[in-house]
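Below are my notes on the model you sent. They are set out as numbered points, to be read beside the structure.

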Amino acid sequence: MKKITICSPMYNEAENIVQFYDEVSKILAKISDKYDYEFLFINDGSLDESLNIVEALREKDARVNFVDLSRNYGKEIAMAAGFDYATGDAMIIMDTDLQHPPAIILEMIKEWENGYQDVYGKRRERPGESWLKRKTSSYYYKILQKFSNVPVLPGVGDFRLLDRVCIEGIKKLRESQRYTKGMYMWVGYRKKEVLFDAEERFAGETKWKWSSLINLAIDGITSNTIMPLRITSFVGAVISIISFFYMIYIFCSTLFFGISGSGFPTLIITILFLGGLQLLFLGIIGEYIGKIFIEVKRRPIYLIQKYSGEKDFEKTGDP
Ligand code: UDP
Ligand code: MG
C-alpha cells in the first residue's frame with residue numbers, strides 16, 4: 001500500500017488542530033482501502049497548547065506524528081523539516097488553519113496516480129485578503145517571473161502533493177534562507193495544477209505580518225536570481241556613458257564659447273541622486289553578501305526537540 005504524508009506546519013494553531021485532524025481524517029477514510037497515511041505536524045515553536053493537543057491525538061491515533069522544532073523558525077523552515085521527516089511515498093503540504101480545503105486531497109491523489117509528481121493547488125480567489133495585498137502580490141509575481149529563470153506561479157502556494165522524487169530533490173537544497181516556492185520549480189518534474197477555493201481561516205489570526213511578507217518577497221528574488229546585480233551594472237553603465245558625453249559637452253562649450261554656468265542646483269541634485277543610487281545599489285549588493293555570510297556558516301537549518309515516530313533512516317535519509 002502506498003503511504004501519504006499529510007504535512008502541516010503549525011504555529012499557535014491550538015484552536016484549529018482538532019478540526020483539521022477530523023476533516024482530513026474523514027477524507028482519508030474514504031480511500032483508506034488503497035492508501036496508508038500519516039499526519040506529520042511540524043510544531044514551529046508554538047507558544048500555546050498546540051503540541052499538547054497533537055500529543056493527545058497521537059495517544060488515540062498512531063498515524064499522527066509530529067516534529068517539535070526547538071523554536072519558531074518560520075513556515076519555510078518548518079516545511080524543510082517536513083521534507084526531512086516525511087515517510088510517505090507522497091506528501092501533501094497543508095496549512096493547519098483549514099484554508100486549504102481537505103476535499104482537494106482526493107483530486108491531488110488522482111492526478112498523482114495519473115503520473116504527475118508535483119500536483120499544486122492554485123487559488124481561485126482569496127476571501128479575506130485586502131485589495132492592496134492581492135495587487136502587490138500579483139505585481140510581485142510578474143516581476144519575479146520576468147527576472148528569474150525559475151518561473152514562480154501566481155496564486156500557487158504551498159498546498160500541494162509532492163511525489164517522493166520531488167521530496168528527495170528538495171531535501172538536497174540545504175540553504176537556510178529558503179524560498180520553497182522557487183524550489184518546487186527548481187526541482188522540476190511533472191507538474192499539474194488543481195484549482196481550489198481558499199477558505200477563511202477556521203480560527204485564530206494569520207501569522208503573516210507585512211514585514212515578513214516583504215522579507216519573503218526579497219528572499220524570493222535574491223535566492224532565485226542575480227538579476228538585481230545585473231541591473232545595477234546596467235544602470236551604472238548607462239549613467240557613465242551619459243556623464244561622459246555631458247562632460248565633453250561642458251568641456252567644449254567652455255573651451256569654444258566661454259560659457260561656464262553657475263549651476264549649484266544641478267550640482268546638488270546630481271550629487272544627491274547619484275548618492276542615493278549608490279546607496280541603493282550597495283544595499284542590493286549587501287543583500288547578496290548577507291546571504292553568502294549566512295550560508296557559509298553552514299549551520300543546520302533547524303534543530304529539533306522531539307520527534308514522535310521512528311524514522312526509517314534508510315528510506316528517508318537523515319537531515
Ligand atoms: N506557520 C508556521 N510558522 C510560522 C508562521 C506560520 O509554521 O512562523 C504555519 C501556520 O501555523 C499555518 C501556515 O504556516 O499552518 C500558514 O500560516 P498562516 O495561516 O498564518 O498564513 P496565511 O494563510 O495567512 O498566508
Ligand atoms: Mg492561513
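1. Helix 3 is a good place to start, since the model, which is predicted, has this helix mostly covered: 10 of its 11 residues are buried. The buried residues of helix 3 are Lys75, Ile77, Ala78, Met79, Ala80, Ala81, Gly82, Phe83, Asp84 and Tyr85.

2. On the core: the largest nonpolar core holds 51 residues, and those with the most contacts inside it are Ile6, Leu40, Ile42, Ala81 and Ile92. Helix 3 supplies the largest share of this core, seven residues. In soluble globular proteins, nonpolar side chains tend to be buried together.

3. Which residues does Ile92 contact, leaving aside neighbours within four places in sequence? The partners of Ile92 are Ile4, Ile6, Cys7, Ile105, Met108 and Leu161. Ile6 is, like Ile92, among the core residues with the most contacts inside the core.

4. On the ligand: there are 16 residues around ligand 1, and Pro9, Tyr11, Asp44, Thr206 and Lys207 come nearest. Strand 1 (2-10) and helix 3 (75-85) are the elements that give two or more residues to this shell. By type, the shell around ligand 1 divides into five nonpolar, five polar and six charged residues.

5. Tyr73 sits in the loop between strand 3 (64-69) and helix 3. Is Tyr73 buried or exposed? Tyr73 is buried, because 22 other C-beta atoms lie within 10 Å and the cut-off for burial is 20 or more. Beyond four places in sequence, Tyr73 is in contact with Asp44, Gly45, Ala78 and Tyr302. Of these partners, Asp44 is also one of the residues that come nearest to ligand 1, and Ala78 is one of the buried residues of helix 3. Tyr73 and Ser25 are 48 residues apart in sequence, and their C-alpha atoms are 27 Å apart in space.

6. Ile170 belongs to helix 6 (residues 164-171). Ile170 counts as buried because 21 other C-beta atoms lie within 10 Å. Leaving aside neighbours within four places in sequence, Ile170 is in contact with Phe83, Met183 and Val187; Phe83 is another of the buried residues of helix 3. Ile170 and Trp186 are 16 residues apart along the chain, with 8.7 Å between their C-alpha atoms.

7. Two backbone angles should be looked at. Asn12, in the loop between strand 1 and helix 1 (17-29), has a phi near 55 degrees, a positive value in a residue other than glycine. Leu98, in the loop between strand 4 and helix 4 (104-113), has a phi near 65 degrees, again positive in a residue other than glycine. Asn12 is partly exposed, with 19 other C-beta atoms within 10 Å. Leu98 is likewise partly exposed, with 19 other C-beta atoms within 10 Å.

8. Leu98 comes up again with Glu199, which lies in the loop between strand 7 (191-196) and helix 8 (210-222). Not counting residues up to four places away in sequence, Glu199 touches Leu98, Gln99 and Pro101. Glu199 counts as partly exposed because it has 15 C-beta neighbours inside 10 Å. Glu199 and Gly45 are 154 residues apart in sequence and 25 Å apart in space, C-alpha to C-alpha.

9. On the overall form: the secondary structure of the chain comes to 11 helices and eight strands. The radius of gyration of the chain is 25 Å, whereas a compact globule of 319 residues would have one near 20 Å. The C-alpha trace spans about 95 × 40 × 35 Å along its principal axes. Of the 319 residues, 28% count as buried. Among contacts between residues at least 6 apart in sequence, 86% join residues at least 24 apart.

10. On confidence: the mean pLDDT of the chain is 86, and 95% of its residues reach 70 or more. The model scores ipTM 0.94 and pTM 0.79. Where, among the elements of the chain, are the lowest and highest mean pLDDT found? Helix 11 (residues 313-316) has the lowest, 45, and strand 4 (residues 90-93) the highest, 95. Over residues 313-317 pLDDT stays under 50, and the model has five contacts beyond four places in sequence for this stretch. Where pLDDT is low, the predicted coordinates should not be read in detail.

Technical notes:
Residues numbered from 1 in each chain as written. Chains lettered and ligands numbered in written order. Predicted model: local features only at pLDDT ≥ 70, side-chain atom pairs only at ≥ 80, totals over all residues. Near = placed C-beta within 6 Å. Helix = DSSP H or I, 4+ residues; strand = E, 2+ residues; numbered from the N terminus. Nonpolar A, V, L, I, M, F, W, Y, C, P; charged D, E, K, R; others polar. pLDDT = per-residue confidence, 0-100. Contact = placed C-beta atoms within 7 Å. Rg over C-alpha atoms; globule rule 2.2 N^0.38 Å. Buried ≥ 20, exposed ≤ 12 C-beta atoms within 10 Å, placed from the backbone. Core = buried A, V, L, I, M, F, W, Y, C linked by C-beta atoms within 7 Å.
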